Amino acid sequence: MTQPLDNRLALVTGASQGIGAATANALAAAGAHVVLTGRDVRALEAVEDAIHDAGGASTIAPVDLSESDGIARLAAAIGGRWDKLDYLVISAAYLPMLTPVTQIDGKQLSQALTVNFLATQALLANFDPLLKRADAGRVIGLTSSVGGTPRAYWSAYGATKAAFDNLLESYAQEVEKISKVRVALVDPGATRTAMRAKAYPGEDPATVKPPEDVADRLVELLVNDFDGFHRERVET
C-alpha cells in the first residue's frame, strides 16, 4: 500500500528521545526514510530498531550538534548518498538551569547558544542545497512559547529560542521567492519529555500530552503541506 511520504527523505535532530524519537517513528510509519541524529548511539539504535520492526526505513548518524564540522560531515554524507533532502526537522535543544538573569551559568548559556542557535544556522547552511534539490523541501523547527514571551527564570533558554525563531523566519523569507523550500515553526506546548520533567520536576507527567501527539501533528502538517511561512502551537 502506498504511504503518503513514500520516497521522501527526512532528517530529524534530537531523534534519540522525546519528540524527536516520536517524530522519527511517525515519519517512518508514513513511508519516509528517516536519518536519525543525536549523541546517544544506543538510544538512536533503539529508535532505529523500533522503526525497522514496524517495517519502516531509517539510518542512524550520530552527531554532536555542538561541533559544526560534524554537521558539515553529515550533510556531505547525506548528499553523497541521496543528493537531496525533503524534510529537516530540528528537534534537538538544550535547556539550561532555570535561574534569575543575574545568576545564569556562563557554560550552560554557551551550550544553549551553541545547540539551539549556532547549530541551527549550521544545519540551514549545510542542508540548504539539498533542500533546494527536493521537489518541495520543508524545514520544521520546534520552538517554545518563552522565545516570544519572556518569562522569569527562563531567560537563558528563552533568549536562545528567540534567536532560533528569528533565524528560521529570516531563512523562510530568504528562500520563499527563489525556491520551493518552506519553513514552519511549531511550538509543541506542554509535552511529556525529559526536558519538561527537568523544568517541572513536581509535575505529574500523566497530566500532559505524550510526544506522539506532537509527532502525529508534524506528519499531518507535512502530508497536507503548507505554503509560505507557517507557525502554530500544538494544543492538548
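**View 1. Strand 2 and strand 3 run parallel and are joined through helix 2.** In this predicted model, strand 2 and strand 3 pair in the parallel sense over 4 bridges, where pairing requires that DSSP finds at least two bridges between the strands. Helices (H or I, at least four residues) and strands (E, at least two) are DSSP runs numbered from the N terminus. H33 has A57 of strand 3 as its bridge partner. From strand 2 the chain passes through helix 2 (residues 41-53) to strand 3 in a right-handed β-α-β crossover, right-handed meaning that, with the strands pointing away from the viewer, the path from the first strand over the helix to the second runs clockwise.

**View 2. The open sheet has 7 strands with parallel pairing.** Their order is 3-2-1-4-5-6-7, and the edge strands, each pairing on one side only, are strand 3 (57-60) and strand 7 (230-233). The twist averages 15° from one strand to the next, with axes fitted to C-alpha atoms (for helices over the stretch in contact) and angles taken from 0 to 180 degrees between N-to-C directions.

**View 3. Strand 4 and strand 5 form a parallel pair.** Residues 87-90 and residues 138-142 are linked over 4 bridges, and I90 has G141 in strand 5 as its bridge partner.

**View 4. Helix 8 (residues 211-224) lies across strand 4, strand 5, strand 6 (182-187) and strand 7.** Helix 8 runs at about 155° to strand 5, contact meaning heavy atoms within 4.5 Å.

Residues are numbered from 1 along each chain as its sequence is written. Local features need pLDDT of at least 70, side-chain atom pairs count only at pLDDT 80 or more, totals for chains, interfaces and linings use all residues, and side-chain values use heavy atoms, leaving out hydrogens and water.
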